[in-house]
Amino acid sequence: MPALTATAATDFPPSDTYDLVVIGAGAVGENVADRAVQGGLSVLIVESELVGGECSYWACMPSKALLRAGSVLRAAHAVAGARAAITGSPDARAVLGRRDEVAAHWDDAGQVRWLQKAGIALARGTARLDGERRVAITAADGSMRAVTATHAVAICTGSRAAMPPIDGLAAARPWTSREITSAEHVPARLAIIGGGVVGCEMATAFTSLGSRVTLLARSGLLAEVEPFAGEAVAARTKRKPPAANGPTASTDIN
Ligand SMILES: Cc1cc2nc3c(=O)[nH]c(=O)nc-3n(C[C@H](O)[C@H](O)[C@H](O)COP(=O)(O)OP(=O)(O)OC[C@H]3O[C@@H](n4cnc5c(N)ncnc54)[C@H](O)[C@@H]3O)c2cc1C
């Protein structure tokens with residue numbers, strides 16, 4: 001996992017009272033905070049890791065960056081005239097490098113600047129409720145500070161990947177969505193448990209980068225949306241990548 005850079009890591013806010021205290025500076029927390037500030041409220045946002053949360057560093061953004069090269073190649077391959085220009089295989093190192101840029105090299109300075117511009121105060125640390133509309137914040141250095149919200153506390157703490165109860169799985173230290181979206185190499189073989197959006201996206205991306213992927217999906221692919229979507233993903237990932245000299249990887253779906 002790459003090193004994380006959290007700007008102003010022990011910066012407690014100047015005030016101990018805000019109209020709204022938001023716990024968690026992911027996409028949801030940032031939007032709640034922004035709307036409240038635009039409505040004239042004073043807002044403190046508390047973040048224990050990186051401002052921007054999962055979406056910016058381990059989810060939406062890096063996953064789309066990993067998918068992009070394969071998507072462009074497939075689009076070009078579908079067009080007679082353009083197809084002939086595809087003479088090599090995807091450059092996995094370059095794809096991972098571009099992904100690093102899209103994930104801002106796991107440095108949240110840009111998002112912190114956005115908070116400042118939006119007029120949202122930031123406290124670094126782990127927050128917990130400590131009474132009615134009262135939040136205790138513990139910074140990375142162990143120091144503590146309590147703040148009070150005059151209107152409300154918004155809990156926007158997101159979620160983590162669930163580890164299915166499979167014997168030996170946890171001991172094998174599998175990647176979760178975090179490790180795969182920040183992967184520093186393309187594994188030769190990859191088993192993905194779960195045929196939901198994340199499983200399908202990562203199977204598609206790593207197949208296009210040359211991994212031999214086995215996708216284990218007990219309820220089919222994309223079971224929560226219309227059947228044609230899962231069928232299209234299955235048909236696409238089973239097909240060989242379009243590059244003329246590219247790897248012959250494909251996805252086995254079980
Ligand atoms: C691989 C992948 C791809 C995805 N692609 C898309 C996509 O393309 N489009 C889309 O809409 N969605 C996508 N999602 C889903 C999307 O990432 C989530 O819905 C979104 O990140 C949730 O945002 P959030 O703010 O609720 O939570 P998070 O982003 O998890 O933010 C919560 C924040 O709270 C902080 N926090 C937690 N506890 C505390 C505490 N006690 N004190 C202080 N801070 C705390 C955490 O550090 C974190 O920064 C994807 C998800 C994955 C895994």
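**Group meeting: a sheet, two domains and a ligand**

Good morning. Let us begin with a pair of strands: strand 1, residues 17-23, and strand 6, residues 144-155, run parallel and are joined by six bridges. Please keep in mind throughout that this is a predicted model. Within this pair, tyrosine 18 has alanine 149 of strand 6 opposite it.

Strand 1 also pairs with strand 2, again in the parallel sense, over four bridges. Here valine 22 faces isoleucine 45 of strand 2.

We may now widen the view to the whole sheet. It is an open sheet of six strands, in the order 3-2-1-6-5-4, and its pairing is mixed. Strand 3, residues 121-124, and strand 4 are the edge strands, since each pairs on one side only. From one strand to the next, the twist averages 45°.

Strand 2 deserves a closer look. Which way do its side chains point? Val43, Ile45 and Glu47 point one way from strand 2, while Leu44 and Val46 point the other way. This follows a general pattern: in a regular strand, side chains alternate between the two faces of the sheet. Is strand 2 buried or exposed? Five of the five residues of strand 2 are buried, so the strand is largely enclosed by the rest of the structure.

One helix should be added to this picture. Helix 1 lies across strand 1, strand 2 and strand 6, and runs at about 170° to strand 2.

I turn next to the division of the protein. Domain 1 comprises 17-55 + 104-155, and domain 2 comprises 59-102 + 161-253. The C-alpha centres of the two domains lie 34 Å apart.

Where, then, does the ligand lie with respect to domain 1 and domain 2? Both domains give residues to the shell around the ligand, and therefore the ligand lies between them.

Which elements supply this shell? Helix 1 (27-38), strand 2 (43-47), helix 2 (53-57), helix 3 (60-77), strand 4 (126-129) and helix 6 (177-181) each supply at least two of its residues. Strand 2 thus appears twice in our account: its residues are buried, and the strand contributes to the shell around the ligand.

There are 26 residues around the ligand, and those that come nearest are Gly24, Gly26, Gly53, Ala59 and Gly158. By character, the shell divides into eleven nonpolar, eleven polar and four charged residues.

To close, I would ask you to remember one point: the ligand lies between domain 1 and domain 2, because both give residues to the shell around it. Thank you for your attention.

Terms used. Residues numbered from 1 in each chain as written. Predicted model: local features only at pLDDT ≥ 70, side-chain atom pairs only at ≥ 80, totals over all residues. Near = placed C-beta within 6 Å. Nonpolar A, V, L, I, M, F, W, Y, C, P; charged D, E, K, R; others polar. Domains from an automatic or database assignment. Pairing = 2+ DSSP bridges. Axes fitted to C-alpha atoms, helices over the stretch in contact; angles between N-to-C directions. Contact = placed C-beta atoms within 7 Å. Buried ≥ 20, exposed ≤ 12 C-beta atoms within 10 Å, placed from the backbone.
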